[in-house]
Amino acid sequence: MPRVHRSPPPALSASPAPLVPPLTHSVSESNLTGSPKAAMDSIAVPTLSRDATSDPNITLRRRKREEFSREDVSEMFSLFKQEQDQRFTALLNKIQDGIQTHTEQNAKILSSIDFLGQKYDEMVSRIDSLEREKSADRKYIQSLEVRLDQLDRSLRGSSIEVRNVPKKAGESKEDLLNLIAKVGGALNVPVQQTEVRDVYRINTKNETNQPIVAEFTSVILRDKIVSSVKSYNKKYTTTKFSTSNLKLEGPTKPIFISESLAPQTKKLFFMAREFAKSSDFKFCWASRGKIYLRRSDGAALIKVNNESDLENLKSN
């Protein structure tokens, strides 16, 4: 196949000098059946001339763009740094203020704790002092109760108490005196009116059957009457001493005669009798203001001074 000659296109006369030089004609081989790579290698690639790349205007503009970009980035970083510094400073101030506030609060709390601690110590000391005073007062009260009981016991040392005698209407002290004389006569223990220092009824809720207290001039007379009534009841177990012995009107009722005990001793005597019933003690009695227990005939005598003695007996 003959060679084909190709001519270049006509150049424009009025256009400025091109940046890329015009292509010159080239001659292509008639063999088009070669490989594409070989065909691409045969094409001439235009290149920029040194005059175009070394244009001073282009270089100046490029430098300006580079300088502007650096200044802009530097300013951005500067502004960012200032903003972060401000935020950090504000945060630091806030933290310091919070620390200061918490420090002041902690100081107040510690001060309050110290104050409460002092008050607590004062209160503990005061409570201890009150406890000691209370213990001392309790001992003093107990001593006064003992003295009062002894005084009351000495005053009642010559007195008897007569229970379950009905009270008649309009009863006078003379009637009570005659009644005590009848009791002595029924027990074969003569009682003269001059031997009775005083006689009266104890105020209770049951106004029709209040106990009678008779104070004698001697303890001997009192002991005779108490001993006689015990002997009578042992001798006549089915018909114990009663209103029929005194020839009183109304239905027959048993009459109980014992020593006149102080209120505290009377309470202890009641508790001792209840204990004797529940603990199989055969005997429980009061003599000269003292309370005694005995489990059986011939057993040891037990003196009851207070409630603690009964508690000890229960635990044994």
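What share of the contacts in the chain with a separation of 6 or more comes from residues 24 or more positions apart? The answer is 56%, where contact means heavy atoms within 4.5 Å.

Before you start: this is a predicted model, in which local features need pLDDT of at least 70, side-chain atom pairs count only at pLDDT 80 or more, and totals for chains, interfaces and linings use all residues. Residues are numbered from 1 along each chain as its sequence is written, and side-chain values use heavy atoms, with hydrogens and water left out.

**Exercise 1. Take stock of the chain and list its elements in order.**

Step 1. Count the elements: there are 7 helices and 7 strands. Helices (H or I, at least four residues) and strands (E, at least two) are DSSP runs, numbered from the N terminus.

Step 2. Read them off from the N terminus: α-α-α-β-α-β-β-α-β-α-β-β-β-α.

Step 3. Check burial: 20% of the 316 residues count as buried. Buried means under 20% relative accessible area, exposed over 50%, and partly exposed in between, with a 1.4 Å probe and protein chains only.

**Exercise 2. Describe the sheet that contains β5, β6 and β7, and find the helices lying across its strands.**

Step 1. Write down the order: the sheet is open, has 3 strands and runs β5-β6-β7 with antiparallel pairing. Two strands pair if DSSP finds at least two bridges between them.

Step 2. Find the edges: β5 (283-287) and β7 (302-304) each pair on one side only.

Step 3. Look at one pairing in detail: strand β6 (residues 290-294) is joined to β7 by 3 bridges, and L293 has I302 as its bridge partner in β7.

Step 4. Add the helices. Helix α6 (residues 263-278) lies across β5, β6 and β7, at about 5° to β6. Helix α7 (residues 307-315) lies across β6 and β7, at about 135° to β7. For these angles, axes are lines fitted to C-alpha atoms, for helices over the stretch in contact, and angles run from 0 to 180 degrees between N-to-C directions.

**Exercise 3. Follow E161 from its strand to its salt-bridge partner.**

Step 1. Start with strand β1 (residues 159-163): 4 of its 5 residues are buried, so β1 is largely enclosed by the rest of the structure.

Step 2. Identify the neighbours. Strand β3 (residues 212-216) runs antiparallel to β1 and is joined to it by 4 bridges, while β1 and strand β4 (residues 256-259) also pair in the antiparallel sense over 4 bridges.

Step 3. Place E161 between them: its bridge partner in β3 is V213, and in β4 E161 stands opposite S258.

Step 4. Turn to the side chain: E161 and K266 meet in a salt bridge (3.2 Å, N to O). The pair links E161 in strand β1 with K266 in helix α6, 105 residues apart. A salt bridge is a side-chain nitrogen of Lys or Arg within 4 Å of a carboxyl oxygen of Asp or Glu.

Step 5. Compare the two ends: E161 is buried at 4% relative accessible area, whereas K266 is partly exposed at 33%.

**Exercise 4. Explain how far apart D85 and K81 are along helix α3.**

Step 1. Note the salt bridge between their side chains (3.1 Å, N to O).

Step 2. Use the spacing: because D85 and K81 are 4 residues apart in helix α3, about one helical turn separates them.

Step 3. Check the surroundings: D85 is partly exposed, with a relative accessible area of 36%.
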